[in-house]
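Me: Hi! Could you walk me through this structure? I'd like to chat about how its pieces fit together.

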Amino acid sequence: DTTVYYDDDADSSYLDDKTVAVIGYGSQGHAHSQNLAESGVDVVVGLRKSSSSRQAAKDDGLRVATPATAADEADIVSVLVPDTVQPAVFEEIKGSLEPGDTLQFAHGFNIHYNQIQPPEDVDVTMVAPKSPGHLVRRNYENDQGTPGLLAIYQDVTGEAKEEGLAYAKAIGCTRAGVIETTFREETETDLFGEQAVLCGGATALVKEGYETLVDAGYSPEMAYFECLNELKLIVDLMYEGGLSNMWDSVSDTAEYGGLSRGDDIIDEHVRENMEAMLEDVQDGTFAREWINENQAGRPSYTQLKHAEETHHIEEVGEPLRDLFAWADEEEEAAEAAADD
Ligand code: NDP
Ligand code: MG
Ligand code: MG
């Protein structure tokens, strides 16, 4: 059974008299720094001298130093720069890690695929909010929490888990619930999910559906609404109450059509493709490809990104989304009211 940790399971005193260096002030970095500081933890933000985020961190009332100086001061070094630059940034800070310090992450890629080899005498932990940073921050300000994951890769002090839970509490994660996992499980499920289902699978499904309708002579605008725009409504229903909630909300015709036809679209070949994709994640094939791609200056990435940006559905969608701008404005107004 999976254990879920809440505020009562976390003891904030494990962060007493400790300094946390947050390296990076982007999506996760700004949220962790500000939430930690407001929870009474001593925080120093580590940023390179040329960093465009330095001023933002200072304006938010935080102390800023170079990554190496921040790590020198700190007992816990939270590495929150992009995954692809973490190995280079680690080279700058590793000399600042003292025995018993903690190296802390929000994603397991570099540790799991050996792109960062931590010293043997430090704790290595992961506290990973399951949400973009701006929500981690906004939820905290609204006395709400953000669900998160906790994983311990190396525990030399015997206190890695307690300290990790205290960190999770300070950024607001134990208000919502923290699940314990491993670096391997977090990394592999994260990569598989974004490739097969969330980012890769969903966009491919949308494009195939759109192209099928347009190639059959239907109007691109109709195809856009059916295959892309309405997906949000369906996903919202699943998010709110699971698959049954969605099926209960659509018409009986939609329900029968979907239940009887879905498996013909996502058939056994898709399952085979998914299993092959998972194997590439598990045996490091994908990780090696992505690391090489970055070392080569991202040639394939650039090409794929360009092809996606110039897909017909993108041209068709832009003016149509403007028609729906009123819906976004209403949603923003509702969110602003809820924030007050
Ligand atoms: P961001 O892309 O938002 O990080 C940007 C920050 O990193 C900036 O402060 C930037 O400063 C700094 N930075 C960028 N390049 C360099 C460099 N070469 N050297 C030094 N600093 C650099 O990262 P995220 O917050 O998205 O991701 C951080 C970690 O959190 C990752 O491990 C990610 O997987 C994980 N994570 C992210 C989530 C998300 O939703 N974004 C969700 C959960 C986990 P500068 O001005 O100097 O460029
Ligand atoms: Mg130190
Ligand atoms: Mg992800």
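Reply: Happy to. One definition to start with: a residue is buried if 20 or more other C-beta atoms lie within 10 Å of its own, exposed if 12 or fewer, and partly exposed in between. Please keep in mind that this is a predicted model.

Me: Great, let's use that on helix α7. Which of the α7 residues are buried?

Reply: They are Ala160, Glu163, Gly164, Leu165, Ala166, Tyr167, Ala168, Lys169 and Ala170. That makes 9 of the 11 residues in α7, which spans 160-170, so this helix is largely enclosed by the rest of the structure.

Me: And what does α7 lie across?

Reply: Strands β1, β6, β7, β8 and β9; relative to β8, α7 runs at about 150°. After the helix comes Gly172, with a positive phi near 95°.

Me: OK, so tell me about the sheet. What is the strand order?

Reply: The order is β1-β9-β8-β7-β6-β5-β2-β3-β4, an open sheet of 9 strands with mixed pairing. At the edges sit β1 (4-5) and β4 (63-65), each of which pairs on one side only.

Me: Mixed, you say. How do β7 and β8 pair, parallel or antiparallel?

Reply: Antiparallel: β7 (residues 123-129) and β8 (residues 148-154) are joined by 6 bridges. If you want a spot to look at, Pro129 has Gly148 of β8 as its bridge partner.

Me: Then what about β8 on β9?

Reply: Those two run parallel, with 4 bridges between β8 and β9 (residues 178-181). Leu149 is bridged to Ile179 in β9.

Me: And β6 with β7, parallel or antiparallel?

Reply: Parallel, over 4 bridges, with β6 covering residues 102-105. There, Gln104 has Thr125 of β7 as its bridge partner.

Me: How many residues of β7 are buried?

Reply: 7 of its 7 residues, so to put it simply, β7 is mostly covered. Both of its faces are covered: Asp123, Thr125, Val127 and Pro129 are buried on one side, and Val124, Met126 and Ala128 on the other.

Me: Nice. Further along the sheet, how do β2 and β5 pair?

Reply: In the parallel sense, with 4 bridges between β2 (residues 19-23) and β5 (residues 76-79). Ile23 stands opposite Val79 of β5.

Me: Back to helices. Where does α9 lie?

Reply: Across β7, β8 and β9, at about 130° to β8. Helix α9 (residues 183-198) also crosses helix α14 (residues 268-282) at roughly 140°, and their axes come within 10 Å. That angle makes α9 oblique to α14, since only angles over 145 degrees count as roughly antiparallel. The crossing of α9 past α14 is right-handed.

Me: Which residues make that contact?

Reply: From α9, Glu188, Leu191, Phe192, Gln195 and Ala196; from α14, Met274, Met277, Leu278, Val281 and Gln282.

Me: And α10 with α11, at what angle do they pack?

Reply: About 150°, with the axes 9 Å apart; α11 covers residues 220-229. The two helices are therefore roughly antiparallel to each other. Here too the crossing is right-handed, as α10 passes α11. On the α10 side, the residues are Val206, Gly209, Tyr210, Leu213 and Val214, and they meet Pro220, Ala223, Tyr224, Glu226, Cys227 and Leu228 of α11.

Me: What span should α10 have, going by its number of residues?

Reply: At 1.5 Å a residue, the 16 residues of α10 (200-215) should span 22 Å, and the end C-alpha atoms are 22 Å apart, which agrees. Just after α10, Gly217 takes a positive phi of about 100°.

Me: Last one, a loop residue. Where is Val250 found?

Reply: In the loop between α12 (231-249) and α13 (252-265). Val250 has 14 other C-beta atoms within 10 Å, so this residue is partly exposed. As for Leu237, it is 13 residues from Val250 in sequence, and the C-alpha atoms of the two are 9.6 Å apart in space.

Me: Perfect, thanks!

Technical notes
Residues numbered from 1 in each chain as written. Chains lettered and ligands numbered in written order. Predicted model: local features only at pLDDT ≥ 70, side-chain atom pairs only at ≥ 80, totals over all residues. Pairing = 2+ DSSP bridges. Expected span 1.5 Å × (residues − 1). Axes fitted to C-alpha atoms, helices over the stretch in contact; angles between N-to-C directions. Parallel < 35°, antiparallel > 145°, perpendicular 65-115°, else oblique. Left-handed = near helix turned anticlockwise from the far one by under 90°. Contact = placed C-beta atoms within 7 Å.
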